[in-house]
Every structure is written in C-alpha cells, then in structure tokens.
Amino acid sequence: MQPELELLIADDDPTIRDLCSRAFRGEFRLLIAKDGNEAIALLKATHPAAILVDEMMPGAPGSAVLRLAKEMMPEVPRLLMTASGDPAAAMEAVNHGEIHRFYTKPLKLMEVKRALLELIARARADDALRIELQTLRQQKQKLPSTRVAVLCEGDNGDRIEQACGRRGFQVVRARNLNDLERVVGAGGVDVVVVHVGMGEPEVREVARLANNVDEATALVLVDPETSIQSLSLAFSIGATDCLTAPWPDEVLLSVRMERAAARPRDKRELRRLTFDVVVANRELHNANRRVEAGQVRLLNGLVRALEARDPYTAGHTDRVADISVRCGEVLGLATMQLEVIRVGALLHDIGKIGIRDEVLYKPIRLTPVEFEIIKTHTTIGARILEGIESLVCAVPIVRNHHEKLDGTGYPDRKVAADIPLEVRIVSGADVMDAITSTRPYRPGSGADEAFEIMEPMVGPHLDAVVIDALRGLHREGRLTDLLQARG
Ligand SMILES: [Fe+2]
C-alpha cells in the first residue's frame with residue numbers, strides 16, 4: 001500500500017536524492033525535484049506534508065524555495081540541508097523563520113526521518129486545534145450578546161459595568177427609573193441591575209415590568225449595606241442575586257454577573273426545548289391518529305371483503321365480536337384484551353376468503369374431504385394476518401377458534417391449558433351465534449334453547465367459565481339484543 005504522506009525532496013546531487021529515496025520511501029510518497037525550478041513547479045502543483053531541500057541548487061536556492069513554500073502553505077514543515085561549508089544562507093533562513101530544521105551534510109537520515117514525522121504530527125495537531133478554535137469562534141459569534149440594563153450610580157455602577165464588560169456583555173446604563181423602564185420595556189434585556197436605594201415600590205415595579213416583558217429576565221439587586229430589608233425584598237420578587245456587603249471583588253463580581261446572565265439563557269433554552277417537545281408530541285399524536293385510522297380502514301376492508309365473499313358471515317362477525325366483548329367485560333378483562341378480542345372476533349373467519357367457491361357455497365352437507373378444506377380457513381386466516389403488523393395480535397383467535405378443550409378441535413388440536421381465554425371467549429360466542437342464527441335449512445334457536453344445545457359441549461369443547469358468563473348476561477337481559485334470533 002502506498003504511504004499517505006507526500007514528501008517533497010529537492011537536491012541536484014543524484015546520490016543524495018537516491019539515498020533519501022531509499023531512506024524515506026517506507027513512510028512517504030516522494031516528490032523528487034532535481035533543481036530549484038522543479039521544486040517550485042512541484043510546490044505549485046501539489047501540497048506535500050513536508051519539504052526537504054538542498055540550499056545550493058541550480059535554478060533557485062533551497063532557502064528561496066522554502067520562502068515561497070512559507071507563503072503558499074505556512075503550516076507545512078520546511079527542512080533545509082546544506083554542505084557543511086555553507087551555513088550562512090541556512091542561518092539566514094532560520095533567523096527569518098522560513099525553516100523548521102536545518103541539517104548539514106552528510107545527513108543522518110534516520111534523524112531527519114524522525115524529525116520529519118514529528119514535525120508533520122505537530123503541524124497536523126496545530127491544524128486541528130486551529131479548526132476547532134475557528135469553529136468555537138464562529139459559534140460564539142452566532143450567540144446573541146447578553147444585554148444588561150444597570151440603574152446604579154457611582155462607583156458601584158461603574159464596577160458592575162466593568163465586570164459585565166469583562167464577560168463580553170453589552171451594558172446599558174440607565175440614568176433614572178423612567179430611563180430603565182424604557183430600556184427594559186423595549187425588550188431584549190437579559191439582566192436588570194437595580195439599586196434598592198431607589199425605593200421598594202420602584203424596585204417591585206421594575207421587577208413586574210421585566211417579568212411581563214420576558215419572564216426569563218434575571219434581576220440583580222444592589223445594596224452596599226447588608227440589610228434584612230434588601231435580602232427579603234430580593235427574595236420576595238424572585239431576584240437572581242443581591243449584591244451586599246462584603247461587596248464582591250472584581251473577579252467574584254464578574255462571576256456573579258455571569259451566573260445571573262446564565263439564568264435567562266437556561267430558561268429560554270428550556271422554553272425552546274419544551275416547545276420542541278410539545279411540537280414533536282403533537283406530530284407523534286397526529287401520526288398515531290393517522291396510523292389508527294389506517295388500521296380501522298384496513299380492518300373494515302377485510303371484514304367487508306369476507307362478507308362479500310360469504311353472505312353467511314354478513315352480520316355474523318359483528319355479532320360474534322359484540323357477544324365476545326360483552327363476555328370479556330363480564331370476566332373483567334383489560335381494555336387491551338377486549339380490543340384484541342374485538343379485532344380477532346371480527347376477523348375469525350377471514351381465511352374463508354381463500355376457500356374454493358364449490359366448497360364455500362355448497363348448499364348440502366360437505367364430504368369429509370370438503371370439510372378438511374373448510375378447516376383450512378383457520379390457517380389461511382392466520383397466514384393473512386401474520387403479515388400485517390397492526391393485526392397480528394388477532395392471529396391466535398383466528399387460528400384457534402375451532403380448537404376444543406379436550407384436544408379434538410383444529411388445526412393444532414390444542415388442549416384447554418394451551419388455549420388462551422381470549423380464544424375460548426370467541427369460540428363460545430361463535431358457537432352461540434351459529435346456533436341462534438337462521439340458516440336456509442333451519443330457523444335460528446332462541447337463547448334458552450341455545451344454552452340447552454350447548455350444555456353437552458361445556459367441558460369437552462367450550463369453556464364453562466365463558467358459557468356461565470353468557471348465561472349471566474342472558475339472565476340480566478343483556479344478550480338477546482346481540483343475537484339474530486331474539487326469542
Ligand atoms: Fe370459523
């Protein structure tokens with residue numbers, strides 16, 4: 001692999017060029033010049049990481065090449081080599097800061113290489129620091145300057161102004177209360193400094209005004225004498241600081257002004273962040289509403305698609321959903337479980353979409369083979385919903401609503417312990433609605449008769465807890481309104 005760093009070497013002596021090439025090619029990609037003019041041409045065409053040139057060369061001396069390099073790329077380390085008898089030009093270059101190192105021949109190549117690598121590393125670190133400082137300066141320039149309004153006469157006012165100036169704050173000195181109110185009322189003031197000597201009502205008025213303009217504004221009270229009155233006044237108006245005896249020294253005063261100025265900055269930042277969070281929450285809420293609306297449309301679309309395919313299910317799925325949810329409520333299920341039951345019940349026969357017409361619409365009794373085909377509506381339905389994230393919660397109900405507690409149901413022959421309560425509820429409601437619904441070949445049974453028909457199924461097939469809950473609903477008169485046969 002080619003080294004990343006480029007090193008410009010210029011010397012008219014082919015032996016030196018060859019020696020340098022051999023010594024440095026492991027660490028550097030070499031740009032070789034045979035004289036001063038070639039070196040200058042390479043300087044203009046490339047940007048090496050370091051430059052090593054001989055002083056005595058045809059075309060232009062090494063010191064002239066390095067002078068040009070200093071102008072073009074001041075951060076790049078510049079090294080000069082010269083014959084031992086010719087140090088004057090090199091010393092001249094050193095004194096003018098045009099070179100970083102100066103070597104006499106014969107060169108100690110390993111020493112030169114070490115110096116080259118060190119100088120490049122230092123130049124790169126300096127460069128990174130320079131970029132960082134530049135970025136910080138730009139960021140600082142973007143921040144609006146802190147504005148401090150000061151109503152405090154005399155030496156104390158001057159000292160506060162100096163302390164603020166030390167922090168780079170912009171200070172507006174007010175001459176009197178009216179002046180201060182005008183400055184604060186115009187807005188853009190971060191800190192208000194007032195002397196309590198102006199009178200408590202006046203201080204309170206300034207605090208009220210500042211708070212009305214921007215509640216983030218910080219208030220600093222000045223009272224060279226420590227007094228309970230000034231401290232309690234500061235406390236009662238929510239002042240950020242109260243400057244009393246012993247009056248802070250220059251450095252401490254500047255720190256306390258900085259601390260006072262930090263309060264409005266923090267408050268405004270908090271306000272901005274809070275606003276961002278509120279906006280983000282609102283967007284999230286709206287997005288959720290859209291997703292929920294999409295889920296409802298999807299669910300309705302699937303149910304209507306099944307009803308269009310199988311007229312028998314028209315009304316059946318809605319009734320099974322209503323009966324199941326009411327039964328779940330009686331059994332004390334949580335809202336989330338009730339929602340799973342509602343969706344699962346609405347979709348429990350969705351797999352019938354995939355059953356062939358001659359089987360689905362057969363008006364007479366199905367053959368065993370055809371019955372096996374009908375049974376696949378449970379697994380077909382589960383496969384349909386497994387690919388829809390918002391409806392995947394309904395998969396157990398769709399797949400297992402024909403299971404029986406004794407393990408003789410389908411498709412998985414699950415036993416009671418493996419059948420979730422939500423599934424058992426929908427199974428009970430499904431059977432209840434099937435018995436009470438009118439078919440072309442028979443009228444629907446009334447609820448009382450339906451419970452009699454279901455009685456032998458309780459235990460081996462249906463869950464006694466579920467059927468008891470349905471019976472309870474019936475006794476309370478809260479079931480028949482959900483059934484097709486109202487008798
Ligand atoms: Fe079914």
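Colleague: In what order do the strands of the open sheet with β2 and β5 at its edges stand?

Modeller: In this predicted model, the sheet is open and its five strands pair in parallel. The edge strands, each pairing on one side only, are β2 (28-33) and β5 (101-104). From one strand to the next the twist averages 20 degrees. Read across, the order is β2-β1-β3-β4-β5.

Colleague: Which strands does helix α2 touch, and what angle does it make with β1?

Modeller: Helix α2 covers residues 36-45 and packs on the sheet. The strands it touches are β1, β2 and β3. Its direction and that of β1 make an angle of about 155 degrees.

Colleague: How many bridges pair β1 with β2, and which residue of β2 is the partner of I9?

Modeller: The chain links these strands through helix α1 (residues 14-24), and the resulting β-α-β unit is right-handed. β1 and β2 pair in the parallel sense over six bridges. The bridge partner of I9 in β2 is I32.

Colleague: On the β3 side, which residues stand opposite L7, I9 and A10?

Modeller: Strand β1 (residues 5-10) runs parallel to β3, and four bridges join the two. L7 has A50 as its bridge partner in β3. For I9 the partner in β3 is L52, and A10 stands opposite V53.

Colleague: Which residue of β4 is the bridge partner of D54?

Modeller: β3 is joined to strand β4 (residues 78-82) by four bridges, and these strands run parallel. Between them the chain passes through helix α3 (residues 62-72), in a right-handed β-α-β crossover. The partner of D54 in β4 is M81.

Colleague: Are the faces of β3 covered or open, and how many of its residues are buried?

Modeller: In a regular strand the side chains alternate between the two faces of the sheet. In β3, A50, L52 and D54 are on one side, while I51 and V53 are on the other. Both faces are covered, with these residues all buried. For the strand at residues 50-54, the number buried is five of five.

Colleague: Why do β7 and β10 each have one side without a neighbour in the sheet?

Modeller: These strands belong to an open sheet with the order β7-β6-β8-β9-β10, paired in parallel. β7 (170-173) and β10 (241-243) each have one side without a neighbour because they stand at the edges, each with a single partner strand. Neighbouring strands in this sheet are turned against each other by an average, direction ignored, of 20 degrees.

Colleague: Which residue of β10 stands opposite V220?

Modeller: Strand β9 (residues 218-222) pairs with β10 in the parallel sense. Three bridges make up this pairing. Opposite V220 in β10 stands D241.

Colleague: At what angles do helices α7 and α10 run to β6 and β9?

Modeller: Helix α7 (residues 177-185) lies across β6 (147-151), β7 and β8 (191-195). Helix α10 (residues 250-309) lies across β8, β9 and β10. The angle of α7 to β6 is about 165 degrees, and that of α10 to β9 is about 150 degrees.

Colleague: How far apart are the C-alpha centres of domain 1 and domain 2?

Modeller: The protein is divided into domain 1 (5-141), domain 2 (147-271) and domain 3 (310-482), according to a domain assignment. Between the C-alpha centres of domain 1 and domain 2 the distance is 57 Å.

Colleague: Is the protein as a whole compact or spread out, and what is its radius of gyration?

Modeller: The protein contains 19 helices and 10 strands. For 487 residues the globule rule gives 23 Å, and the radius of gyration is well over that, so the protein is more spread out than a compact globule. Along its principal axes, the C-alpha trace spans about 120 × 85 × 35 Å. The radius of gyration is 45 Å.

Colleague: What percentage of the residues count as buried, and what share of contacts join residues at least 24 apart?

Modeller: Of the 487 residues, those that count as buried make up 31%. The share of contacts is taken among those between residues at least 6 apart in sequence. Of these, the part that joins residues at least 24 apart is 61%.

Definitions and conventions. Residues are numbered from 1 along each chain as its sequence is written. This is a predicted model: local features need pLDDT of at least 70, side-chain atom pairs count only at pLDDT 80 or more; totals for chains, interfaces and linings use all residues. A residue is buried if 20 or more other C-beta atoms lie within 10 Å of its own, exposed if 12 or fewer, and partly exposed in between; C-beta atoms are placed from the backbone. Two strands pair if DSSP finds at least two bridges between them. A crossover is right-handed if, with the strands pointing away from the viewer, the path from the first strand over the helix to the second runs clockwise. Axes are lines fitted to C-alpha atoms, for helices over the stretch in contact, and angles run from 0 to 180 degrees between N-to-C directions. Two residues are in contact if their C-beta atoms, placed from the backbone, lie within 7 Å. The radius of gyration is taken over C-alpha atoms; the globule rule is 2.2 Å times the number of residues to the power 0.38.
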